[in-house]
Amino acid sequence: MELITSKMLDVCSGIGRLMLENGAETYRVEDTVYRVAVNYGMQSVSVFSVPAALIITVQDQTGREYTRLHRVTELKSNLGIVSEANTLSRRIAAQELSPHEAMIEIDKLERKEPAYTPFQEILVAGLICAFFTIIFLGNFQDFIAAGILGAVGYAIYLFSLKVINIRFFSELAASFSIAWLAILLRFFGIGDDINIVILSSVMMLVPGKAITNGIRDLMASHFISGVSVLADALLTAGAIGLGVASVFSFI
């Protein structure tokens, strides 16, 4: 019985960890893990999740309690993995998978290669930033400049993140570079409104998902996770603002 319960806890913590690492909201993680545990016959299920940790406590049929704690150290943004983890939990609810089969599926998701190469991500980042100039009423020159700077800025962000491994400084370096390059491109006649160009170019760094998740967690009374996610978003916003403002302080 202890071995079976341990295997079920492995499944619950595995799905929860996958969702947390890839950007799922904490309320969604708790709800999914709870449903998986209940569908495997666990009793008195308690799940507590914050962006950096997941705690699960269950009782088996004999009344014995088991607790599993997972520390989440790597945070990414891959909503495709979150969707697949949700699909996996539905298959468990439909009793299609045993705990052993579910662990095999979780292992496949953990080993899954990224859907896009860094070059593709950089290219799409440039396109996204370019089209933001339309929203901000920029012209065609602004469109071209923002596309170039968005791609270059995101490339700098990815490279510095590998070297420094601290997101704040990576975002600071990327926004600083975008502001300097915007001035340089404007000097060579590429880009009309420098404010629109810079604003559009930093949009890939703006923590929109974090702000949305933080507010959603607060609305669901998950105050610890909501405040921590919003604090992280404010740090990112501060890094972007500091990077751009430091450039304008020199000119």
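Does Thr-133 count as buried or exposed, and at what relative accessibility? Select Thr-133 to begin: at 0% relative accessibility, this residue counts as buried, a label given here to residues under 20% relative accessible area, with exposed meaning over 50% and partly exposed lying in between (1.4 Å probe, protein chains only).

Before going further, note that this is a predicted model, in which local features need pLDDT of at least 70 and side-chain atom pairs count only at pLDDT 80 or more, while totals for chains, interfaces and linings use all residues. Residues are numbered from 1 along each chain as its sequence is written, and side-chain values use heavy atoms, with hydrogens and water left out.

**Around Thr-133**

Thr-133 is part of helix H5, residues 118-135, where helices (H or I, at least four residues) and strands (E, at least two) are DSSP runs numbered from the N terminus. Now add Gly-138, Asp-142, Phe-143, Ala-146, Ile-196 and Ser-200 to the selection, since these are the residues in contact with Thr-133 once its neighbours within four places in sequence are left aside; contact means heavy atoms within 4.5 Å.

**The whole chain**

Zoom out to the full protein, whose C-alpha trace spans about 75 × 35 × 30 Å along its principal axes. The protein has 10 helices and 3 strands, and from the N terminus on its elements run α-α-β-β-β-α-α-α-α-α-α-α-α. Of the 251 residues, 41% count as buried, and among contacts with a separation of 6 or more, 63% come from residues 24 or more positions apart. A surface display would show an accessible area of about 13,600 Å², of which 64% belongs to carbon and sulfur atoms; such areas come from the Shrake-Rupley method with a 1.4 Å probe, and for residues only the protein chains shown count as cover.

**The sheet**

Next, select residues 43-50, 53-59 and 65-71, which are strands E1, E2 and E3. These 3 strands form an open sheet in the order E1-E2-E3 with antiparallel pairing, two strands being paired if DSSP finds at least two bridges between them. The edge strands are E1 and E3, each of which pairs on one side only, and neighbouring strands are turned by 10° against each other on average, direction ignored. Axes are lines fitted to C-alpha atoms, for helices over the stretch in contact, and angles run from 0 to 180 degrees between N-to-C directions.

Starting at E1, follow the hairpin that leads to E2 through 2 residues; these two strands pair over 6 bridges, and one place to look is Ser-49, whose bridge partner in E2 is Leu-54. E2 itself is mostly covered, with 6 of its 7 residues buried.

Moving on from E2 to E3, which run antiparallel and are joined by 7 bridges, select Val-58 with its bridge partner Tyr-66 in E3, and then Gln-59, which stands opposite Glu-65 in E3. The hairpin of E2 and E3 has 5 residues between the strands, and Gly-63 there takes a positive phi near 90°.

**The helix over the strands**

Finally, select residues 26-39, which make up helix H2: this helix lies across E1 and E2, and runs at about 155° to E1.
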